[in-house]
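Me: Hi! Could you walk me through this protein in plain words?

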Amino acid sequence: MDYDVVEARHVSGHTVWLRFRDGTVGEIDLAPSLRGPIFEPLRDVEYFRRFRIHPEFETLVWPNGADFAPEFLHHNVRVTA
């Protein structure tokens with residue numbers, strides 16, 4: 001799928017730089033989306049920084065099982081290149 005996240009880097013706070021399979025590159029501030037019990041730990045920036053790209057689902061995931069759909073990330077990224 002073109003929305004697959006292929007590279008991700010922490011920028012600052014709750015902002016992540018992303019590169020998608022379709023070539024889209026940009027940043028997204030996830031702070032406004034950290035609502036609900038599963039996202040509560042992610043409000044701590046040190047925990048937030050522990051994301052990785054899931055090898056099968058190709059989106060951001062955290063140790064507690066929190067994740068964001070790659071379509072959501074792609075749709076909301078601020079394109080920077």
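Below is a short chat about the chain, its strands and two of its residues.

Me: What kind of model is this, and how are residues numbered?
Reply: It is a predicted model, where local features need pLDDT of at least 70, side-chain atom pairs count only at pLDDT 80 or more, and totals for chains, interfaces and linings use all residues. Residues are numbered from 1 along each chain as its sequence is written, and side-chain values use heavy atoms, with hydrogens and water left out.

Me: How many helices and strands does the protein chain have?
Reply: There are two helices and six strands. Both come from DSSP runs numbered from the N terminus: H or I with at least four residues for helices, E with at least two for strands. Starting at the N terminus, the order is β-β-β-α-β-β-α-β.

Me: Cool. Which strands does E2 pair with?
Reply: E2 pairs with E1 (residues 5-12) in the antiparallel sense over six bridges, and five bridges join E2 to E3, again antiparallel. Two strands pair if DSSP finds at least two bridges between them.

Me: And the turns?
Reply: The hairpin of E1 and E2 has two residues between the strands, and Gly13 in the turn has a positive phi of about 50°. The hairpin of E2 and E3 has four residues between the strands, with Gly23 at a positive phi near 95°.

Me: Is E2 enclosed or open?
Reply: Five of the six residues of E2 are buried, so this strand is largely enclosed by the rest of the structure. Buried means under 20% relative accessible area, exposed over 50%, and partly exposed in between (1.4 Å probe, protein chains only).

Me: Where does Thr15 sit?
Reply: Thr15 is in strand E2 (residues 15-20) and stands opposite Asp29 in E3. Thr15 is buried, at 12% relative accessible area. Leaving aside neighbours within four places in sequence, Thr15 has contacts that include Arg9, Phe48 and Arg78; contact means heavy atoms within 4.5 Å.

Me: Switching topic: where is Leu34?
Reply: Leu34 lies in the loop between strand E3 (25-29) and helix H1 (45-48). With 3% relative accessibility, Leu34 is buried too. Not counting residues up to four places away in sequence, Leu34 touches His14, Phe39, Leu42, Arg43 and Phe68.

Me: Last one: how much of the whole chain is buried?
Reply: Buried residues make up 41% of the 81 residues. Along its principal axes, the C-alpha trace spans about 30 × 25 × 20 Å.
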